Structure formats: structure tokens, C-alpha cells
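Student: I have not seen this structure before. Could you take me through it in questions and answers?

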Amino acid sequence: MNNKELTNPEDWIAEHGDYLMQFAFVRLRNRAAAEDAVQETFLAGIKALDRYDGKTPVRYWLRGILRHKVVDYIRKASREIAVDETEGKEILDSLKFKAFGIPTQHPPEWKFDPEFAYKQKEFWEVFYGCMSHLKDSMGQAFTLRELEGWSTEEICKELKLKPNNLWVVLHRARTQLKSCLEANWITP
Amino acid sequence: MIACKQVAKALANHRYYELPWWRRIPMFIHIKLCVMCGEYHSQVVTMQKGMRDYLEHEEAGDVETHIHLSEKAKQRIQDAMKKES
Ligand SMILES: [Zn+2]
């Protein structure tokens with residue numbers, strides 16, 4: 001039997017509900033929106049079951065549907081992201097880039113060893129929590145770039161962002177993520 | 001030599017392959033030579049490695065989180081599914 005014959009929509013909530021919820025929540029950072037996306041996914045799955053070929057496990061097939069629902073939600077929820085003209089300048093100043101390429105100070109180093117942390121199972125729980133706490137004004141662009149692999153052009157079009165400002169938003173997100181990890185991850 | 005500021009913007013954007021080769025090559029030479037940009041680059045790359053590793057754990061479904069479907073949501077979804085099938 002293939003995956004299709006083995007699956008029964010009545011078991012989906014118990015078998016895949018939490019997995020899909022976690023997938024949606026880290027991308028939307030909103031419980032109600034994530035639950036709605038999961039619900040819509042299951043309903044769409046029932047309708048599309050005839051077209052499912054059973055080659056991929058049903059979990060990943062459902063996740064494929066959910067991915068579209070998530071992006072739809074981000075698209076609808078996106079407000080124009082405000083990037084103050086001075087913010088880019090401030091970031092560059094904070095990195096202490098000097099004219100003529102002579103640096104006087106380095107970017108702040110990691111307060112823990114990331115390579116070591118990445119190997120710890122518990123680290124990913126902290127990572128998940130920090131990803132879920134990004135603010136919308138940076139989380140949407142960061143999610144589309146880093147979790148969904150979108151191009152600059154696609155992101156700026158969907159989020160109504162000037163291509164010239166995307167780097168500021170991504171820098172913002174990385175900085176917040178880094179300080180959240182540093183505040184919450186305790187090296188065992 | 002191109003300016004650190006241009007390099008930093010490109011690094012933060014993290015899509016080197018979207019740049020044409022004649023901008024990419026001087027950028028990577030700059031990163032090799034400039035301590036400052038070299039470190040910024042390595043931070044972005046380290047973060048990127050974390051994102052990739054996270055996606056692998058997500059794929060495997062072994063990230064433990066406190067996020068679950070609430071009982072209320074489960075019930076609501078179940079009711080909606082019954083209507084649908
Ligand atoms: Zn430099």
C-alpha cells in the first residue's frame with residue numbers, strides 16, 4: 001500500500017496537527033492565524049485527496065498545502081514596513097565602518113559558541129522560541145528569506161518594501177534573533 | 001577598493017548570487033582583505049548555518065516546542081472536517 005491508501009483524514013489531527021501547528025506558528029508568530037492555517041490545510045487536503053499521488057508521506061504533502069496558506073496569510077497581513085532613512089546609516093555607524101575601509105571596532109562577537117550550540121538538541125527549542133518572538137516588521141521578511149528562500153524581488157513586491165531597504169530589515173531581524181539567543185541559551 | 005558600506009549592505013541582504021559577477025568578485029576580495037567585513041560576513045554565515053540546521057530539524061520533526069494545537073482548536077477543526085467530508 002502507498003501513503004495514500006494508508007491515510008485517513010480522521011487521523012490527521014492526531015498524527016500531524018501539532019507538527020503542522022509548529023510549522024505555521026514559527027512563520028506567522030500568531031496562534032489564531034496558525035490554527036486557522038492548519039484548519040484550512042486539512043479542509044483543502046480532504047478536497048484534494050483525489051489528486052494526492054501517495055508518493056510523498058502525507059505529512060509532507062499536507063505541509064506543502066500549509067506552506068501556501070502561510071504565504072497567503074503573510075501577504076494579506078503585510079503592512080508597509082517603515083524604514084526610516086536614517087536607520088541604515090545608524091546600522092552602518094554601529095558597525096563602525098570607516099571611510100577608506102579602516103575599521104576601528106569589530107561587530108559584537110557571539111556570547112556563546114554557535115557551532116557547539118547547533119549540536120545540542122535543546123538549543124532548537126530556544127531557537128524556535130526566539131524565531132517566534134520576532135516582530136512582524138522584521139519577522140515577515142526574515143521568514144520569507146530564510147525559511148522560504150524567496151528572492152529580494154519577490155519579498156519586496158509582496159511586502160511593499162523598497163529593495164534598497166530589505167538589508168536593513170534583515171539586519172534588524174538577525175540582530176534581534178542573536179540577542180534573544182544570547183539571553184536565553186545557556187551552554188550546558 | 002569598494003567601500004565597507006556597500007559590502008555590509010550586500011552581506012546583510014545575503015543573496016550574493018543575485019549580484020552580477022563583476023560586483024560579486026570585488027566584494028569577496030574585500031571580505032578577504034578587510035577584517036571588519038570579514039567578521040560581519042562570518043556572523044551572517046553562522047546565522048545562515050543555524051537557519052539551515054533548524055530547517056533540517058524541522059524536516060525531521062524533532063524540535064521540541066511548547067506550541068501545540070489547543071483542545072478548542074482541535075475540536076473546531078474536527079467539526080469543520082466532518083462537515084467537509
Ligand atoms: Zn570592509
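**Chain A and the zinc site**

Tutor: In chain A of this predicted model, residues 24 or more positions apart account for 77% of the contacts with a separation of 6 or more.

Student: How many helices and how many strands are there in chain A?
Tutor: From the N terminus on, the elements of chain A run α-α-α-α-α-α-α-α-α-α. The count for chain A is therefore zero strands and 10 helices, with helices and strands taken as DSSP runs.

Student: What percentage of the residues in chain A is buried?
Tutor: A residue counts as buried under 20% relative accessible area. Chain A has 188 residues, and the buried share of them is 54%.

Student: Is Arg29(A) buried or exposed?
Tutor: Arg29(A) sits in the loop between helix H2 (9–28) and helix H3 (31–48) of chain A. Its phi is positive, about 55°, although it is not a glycine. Most residues other than glycine have a negative phi. Because its relative accessible area is 13%, under the 20% cut-off, Arg29(A) is buried.

Student: Which class of accessibility does Lys160(A) have?
Tutor: Lys160(A) lies in the loop between helix H9 (152–159) and helix H10 (166–184) of chain A, and its phi is positive, near 50°. Buried ends at 20% and exposed begins over 50%. Since its relative accessibility is 45%, Lys160(A) counts as partly exposed.

Student: Which residues are the protein donors of the zinc ion?
Tutor: The donor residues are spaced C-x25-H-x3-C-x2-C in sequence. Their donor atoms, three SG and one NE2, lie 2.1 to 2.4 Å from the zinc ion. The residues are Cys4(B), His30(B), Cys34(B) and Cys37(B).

Student: What is the geometry of the zinc site?
Tutor: Four donors count as tetrahedral if all angles lie between 85 and 135 degrees. The angles among the four donor atoms of the zinc ion are 99 to 112°, so the site is tetrahedral.

Student: How many residues apart are Cys4(B) and His30(B)?
Tutor: Cys4(B) and His30(B) are both buried. Cys4(B) is in helix H1 (residues 4–13) of chain B and His30(B) in helix H2 (residues 21–33) of chain B. The pair links distant parts of the chain, and its separation is 26 residues.

Student: What is the C-alpha to C-alpha distance between Met36(B) and Cys4(B)?
Tutor: Met36(B) is in helix H3 (residues 35–60) of chain B, and it counts as buried because its relative accessibility is 0%. In sequence Met36(B) and Cys4(B) are 32 residues apart, while their C-alpha to C-alpha distance is 8.2 Å.

Note on methods:
Residues numbered from 1 in each chain as written. Chains lettered and ligands numbered in written order. Predicted model: local features only at pLDDT ≥ 70, side-chain atom pairs only at ≥ 80, totals over all residues. Heavy atoms only, no water. Donors = N, O, S within 2.8 Å, 3.2 Å for Na, K, Ca; no water. Tetrahedral: all angles 85-135°; square planar, octahedral: opposite > 155°, others 65-115°. Helix = DSSP H or I, 4+ residues; strand = E, 2+ residues; numbered from the N terminus. Buried < 20%, exposed > 50% of the residue type's maximum accessible area, 1.4 Å probe, protein only. Contact = heavy atoms within 4.5 Å.
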